[in-house]
Amino acid sequence: MQDGSGRTIDYLRLSVTDLCNYRCRYCMPEEGVCKRPHSDILSLEELAEIGEAAVHCGVKKIRLTGGEPLVRRGILELCRRLRAVSGLEELCLTTNGSLLPELAKPLRETGVDRLNISLDTLRPDRFAAMTRLGRLSDVLDGIRAAEDAGFQNIKLDTVLIGGFNDDETGDFLALTMEHPWEVRFIELMPMGPCAAWEKSCFLSADTVLKSNFPLQEIDPCGVARRYRLPGAVGTVGLISPISHEFCGECRRIRVTADGKLKGCLHSREELPLRGLHGEALEAAIRQGVLHKPQRHHLSERSSDTPRNMNQIGG
């Protein structure tokens, strides 16, 4: 599929829930979100149908997101259904990692190819303060479980936040010396609860390059600029939606847990997909792709979307 700007769109981020077992301060309100009636959220059948229709339209990669996708009942069955779709080349999942000790092996057995695990700090006290409900040890156990289950090319997603974890850059970089992971530093985006935070919280990912570590640039992957330390078995990624806007290379669309197609994370524009089937569903997906916004405006203002990140899918 090509959008109106001539970009090839072959990547779907499919949100399976807006619920999460954490309450990360930049993502969700302290009280969490109200649990919505089941009828408001896409069923497993609808999620699988949308995924299959997207593949028929040209999508090659699907990433399951949330909220926290592993709290969604039936997540393993959904993975099985999507993995069976002819033409799907890669099925991935983004998780906070806390439930991987129990679910890593079953996820691998259902055909999930790759995991992204969110990890914003390596200090237990900071982790508890940021997530409000989480324990760092659970995530570290989850990473080990993922490796034991056979997952390779694990990516750790670290949101770079001034005054919170910018003094841990070296600790994260050091992980790549011994582990075959890609540690990816992601710029904090002004949306949801953090939109009103102090400007000092919003750092350029280039901050990582100013460390005392001799990072050597390697080939990029998707929207990530990539680097490696001499002798390291892992890599480093920089994802810079604000300081190095990559809208021109964006190849993704998103579907929210309540069935709205979003061409851009930061756009107000949404196209409802619920109730559509077959050719009508595929036509709607193509229409959403065709009207994908050319760019966001984060360098000028906060995100235009009225939703929090957990309501869209990370």
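A salt bridge here is a side-chain nitrogen of Lys or Arg within 4 Å of a carboxyl oxygen of Asp or Glu. The model is predicted, so local features need pLDDT of at least 70 and side-chain atom pairs count only at pLDDT 80 or more, while totals for chains, interfaces and linings use all residues. Residues are numbered from 1 along each chain as its sequence is written, and side-chain values use heavy atoms, with hydrogens and water left out.

**Stop 1: salt bridges**

Over the whole structure, the search finds 20 salt bridges. Select arginine 7 and aspartate 3 to begin: their closest N and O atoms are 2.6 Å apart, and the two residues form a salt bridge. Buried means under 20% relative accessible area, exposed over 50% and partly exposed in between, with a 1.4 Å probe and protein chains only. Arginine 7 counts as buried because its relative accessibility is 8%. Aspartate 3, at 5%, is buried as well.

Next, select glutamate 270 and lysine 262, a salt bridge with 3.5 Å between the closest N and O atoms. Glutamate 270 is partly exposed at 28% relative accessibility, whereas lysine 262 is buried at 0%.

For a network of salt bridges, select Glu45, Glu77, Arg80 and Arg81.

**Stop 2: arginine 274 and the largest cavity**

Select arginine 274 and glutamate 46, whose side chains meet in a salt bridge of 2.9 Å, N to O. The pair links distant parts of the chain, 228 residues apart: arginine 274 is in the loop between β12 (271–272) and α7 (278–290), and glutamate 46 is in helix α1 (residues 44–57). Helices (H or I, at least four residues) and strands (E, at least two) are DSSP runs, numbered from the N terminus. Arginine 274 counts as partly exposed, with 32% relative accessibility.

Keep both residues selected and add Leu42, Glu49, Ile50, Leu273, Gly275, Leu276 and His277; together with Glu46 and Arg274 they line the largest cavity. On a 1 Å grid over the protein atoms alone, a cavity is a set of points where a 1.4 Å probe fits but cannot get out, and lining residues have an atom within 4 Å of a point. Grid points are joined across faces, edges and corners, and a volume is the space filled by probe spheres set on the points. This cavity has a volume of about 50 Å³, and the whole structure holds 2 cavities of 30 Å³ or more.

**Stop 3: the second largest pocket**

A pocket is an open set of points with protein on both sides within 12 Å along at least five of seven lines. Select Leu19, Lys35, His38, Arg72 and Arg73, which lie nearest the centre of the second largest pocket among its 14 lining residues. About 360 Å³ of space lies there.

**Stop 4: strand β6**

Select residues 182–187, strand β6, where 6 of 6 residues are buried. On one side are Glu182, Arg184 and Ile186, on the other Val183, Phe185 and Glu187, and both faces are covered.

Add β5 (residues 155–160), which runs parallel to β6 and is joined to it by 6 bridges; strands pair if DSSP finds at least two bridges between them. Leucine 156 has valine 183 as its bridge partner. Now add β9 (residues 235–239), also parallel to β6 and joined to it by 5 bridges. Here valine 183 stands opposite valine 236.
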